[in-house]
Amino acid sequence: MLVSRYFRLLQQCARRNTPNVAKTLHAQLLKNGLHRYGPLPNTLLDAYGKCGLPGDAFSLFEEMPHRDQVSWASILTAYNQANLPRRTLSISHAILADGGLWPDHFVYASLVKACAGLGSIRLGRQVHASFLLSSFCEDDVTKSSLVDMYAKCGLPGDARAVFDSILAKNAVSWTAMVSAYARSGLKSDAMAIFESAPARSLFSWTALISGLVQSGNNVDAFHLFIDMRRDGVDIVDPLVLSSIVGACANLAMLELGKQIHGLVILLGYESCLFISNALIDMYAKCSDILGAKDIFNGMNRRDVVSWTSIIVGTAQHGQAEEALELFDKMVSTRVKPNEVTFVGLIYACSHVGLVDRGRGLFNSMIKDYGITPSLQHYTCLLDLLSRSGHLDEAENLINQMPFQPDEPTWAAFLSACKQHGKIEMAVRIADGLLSLKPEDPSTYILLSNIYARAAMWDKVANIRKLMTLMDVRKEPGYSCIDIGKEKQVFYAGETIHPMKDEIFCLLSELDAEMRRRGYVPDTSLVLHDMEQQEKEKQLFWHSERLAVAYGLLKSVPGTVIRIVKNLRVCGDCHTVLKFISAIVKREIVVRDANRYHHFKGGTCSCNDFW
DNA sequence: ATAGGGTTAG
């Protein structure tokens, strides 16, 4: 009787995720000597794993005198559950060595899941091959996990092949396939599978919507979310909400995001951890950093993602010192920073030119936290060094780092050389960059500027020729502005807007006032060969100016004007927006392709670093 | 007694 009670209680622990109860039961089992009784050790191991205690699970596993298939499967699950796929796979090597135990279908499913988590197609294919040669090769559960593994490795065709081989497809297999197509951006295939599935559920809707958000089809995801609501699907689990909050963030749709936030509250999920995390990011990406802080401050539990989201958001909005203070608080509350946190922190340092602090953080990341720097970390550090004029150190780093620098990395370094007047160095870097056959139009504009600065006119001509030859054309710039519930999009040079005359009139007035205050148009970044006056006219019609003028004409006086731009703000527009914010005494927030600019009283939060 | 699908930060 007593033994069956322990079984029941431990299984309950696993289901309800109550680690303390698991530990108490373990202690009782030790006390009454039942800890080695029958399958109880495996049940306890499973409970530890499912309660998120992989360390305790592993100690137990090591102490076991007899490990069977179930023990192996349970320890693998424990590591998968804790999102430690490397551990899962490292243990799998031991499986073969330990008493000649052969993996069963439970073990295969766990191994495939670990490969999916790592995104390692090489290991994934090895496990797949081994599975096919085993006597469990018809197992449908493992096949469903293979569908997912191929999907996560970006191979929807391979996923489909496995899916077609599943004999008895169930809800899990259909959902895995919907997710496979959706996350690969294969919209119509995803829809087709979704519709041909025998049943729909919150699970399959979530797979479809989340997948589309992940592949950047945010608007489609939104329409499907509305369809799902119309279908009357009960949102008994908030996962889909975090995806749709993410869609609002990606689209920078603040009003829509606020409405979804309302829905989150209505459905009672506002204290759910990863919903709050998604909301922090949404408000930050929608330029409302105060809204993001409200969410963060109102949380009763915060994890790495919460801290990292607010640190990154604060840094991107130009409040670097505050981002660094937040990090100190994070450390003092014993939340362990991860690789993403350090990206945000080094970025923050680069923004205010805190070279020593940034270097220190980079080293501490490696030494104190055991994190191997990625290309992104090197890029942040390079940015910090080169912006602050430590160009030789930056060049050394480029040559020593274990990554091949990509085009944006070279371009950023090059632009810093130009900024600091290191023309010889710039030309050397430019020659190297050119030989990599860059693809981004702005790289060509930068190169052309460098050569022009060095008076190397034949090279300038060569760049122009290359651009026509490769048909490198600048992506058309556009800016969006939300006024109430209406969204307006302005393209550069647009002349068909119904309020065109009023916009032109206002911009002319502002232009005159700016010139009185000392504004001189900076036409150095206008590409085309044309007269000065013509160049100035080009700048005059840049999309962000049209959007600001429209905002000034239509919005409630005194409110913040929020603009989202697809490209980076040009240097001249940046100057103009600073002037305008002072003249009209309004705060203007621009989210460009790279960062956020809060223009207020003639200055910008980015300190002219962008 | 053990496995598979939907989740947030760069």
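**Entry 1. Strands**

I count two strands as paired if DSSP finds at least two bridges between them. The model I examined is predicted.

I began with strand E5, residues 596-600. I asked which residue of E5 stands opposite Val589. I found His598 in that place. Strand E4 covers residues 588-591 and runs antiparallel to E5, with 4 bridges joining them. I noted that E4 and E5 form a hairpin with 4 residues between them.

I then followed E5 to strand E6, residues 603-604. The two are antiparallel and are joined by 2 bridges. In E6, Thr603 is the bridge partner of Lys600. E5 and E6 also form a hairpin, here with 2 residues between them. In that turn I looked up Gly601, which has a positive phi of about 55°.

I asked whether E5 is largely enclosed or left open by the rest of the structure. I recorded that it is largely enclosed, because 4 of its 5 residues are buried.

**Entry 2. DNA strand B**

I listed the residues around DNA strand B and obtained 49. Asn42, Thr175, Gln214, Leu239 and Asn338 come nearest. I sorted this surface by residue class: 16 are nonpolar, 22 polar and 11 charged.

I turned next to the DNA side. Of the atoms of DNA strand B within 4 Å of the protein, sugar or phosphate accounts for 44%, and bases for the rest.

I then looked up single polar contacts. The side chain of Asn338 places an N or O atom 2.5 Å from a base nitrogen of DNA strand B. For Asn277, a polar side-chain atom lies 2.8 Å from a base oxygen of the strand. Lys285 reaches the backbone of the strand instead: an N or O atom of its side chain is 3.0 Å from a phosphate oxygen.

**Entry 3. Annotated repeats**

I consulted the UniProt record, an unreviewed entry. It places the feature "repeat: PPR" at residues 170-200, 201-235, 303-337, 338-373 and 374-408.

I checked two of these ranges in the model. Residues 170-200 are 74% helix and 0% strand, with the end C-alpha atoms 12 Å apart. Residues 303-337 are likewise 74% helix and 0% strand, and their end C-alpha atoms are 9 Å apart.

**Entry 4. Aromatic pairs**

I counted 15 aromatic pairs. One of them joins Phe327 and Phe342, edge-to-face, at 6.0 Å centre to centre and 65° between the planes. Phe327 belongs to helix H20 (residues 320-332) and Phe342 to helix H21 (residues 339-352), so the pair ties together parts that are 15 residues apart in sequence. I found Phe327 buried at 6% relative accessibility, and Phe342 buried at 0%.

Phe342 also pairs with Tyr369; the ring centres are 5.5 Å apart and the planes stand at 55°, so I entered this pair as tilted. The pair links helix H21 to the loop between H22 and H23, where Tyr369 lies, 27 residues from Phe342. Tyr369 is partly exposed, with a relative accessible area of 21%.

I noted a further cluster, in which ring pairs link Phe58, Phe61, Trp72 and Tyr79.

**Entry 5. Asp368**

I asked where Asp368 is placed. I located it in the loop between helix H22 (355-367) and helix H23 (375-387). Is Asp368 buried or exposed? I entered Asp368 as exposed, because its relative accessibility is 55% and the cut-off for exposed is over 50%. I also compared Asp368 with Arg334: the two are 34 residues apart in sequence and 14 Å apart in space, C-alpha to C-alpha.

Notes:
Residues numbered from 1 in each chain as written. Chains lettered and ligands numbered in written order. Predicted model: local features only at pLDDT ≥ 70, side-chain atom pairs only at ≥ 80, totals over all residues. Heavy atoms only, no water. Near = heavy atom within 4 Å. Polar contact = N/O pair within 3.5 Å; in protein donor to acceptor, adjacent residues only side chain to side chain. Nonpolar A, V, L, I, M, F, W, Y, C, P; charged D, E, K, R; others polar. UniProt positions renumbered as here; feature names shortened; annotations may be inferred. Buried < 20%, exposed > 50% of the residue type's maximum accessible area, 1.4 Å probe, protein only. Phe/Tyr/Trp six-rings, centres within 6.5 Å; stacked < 30°, edge-to-face > 60°.
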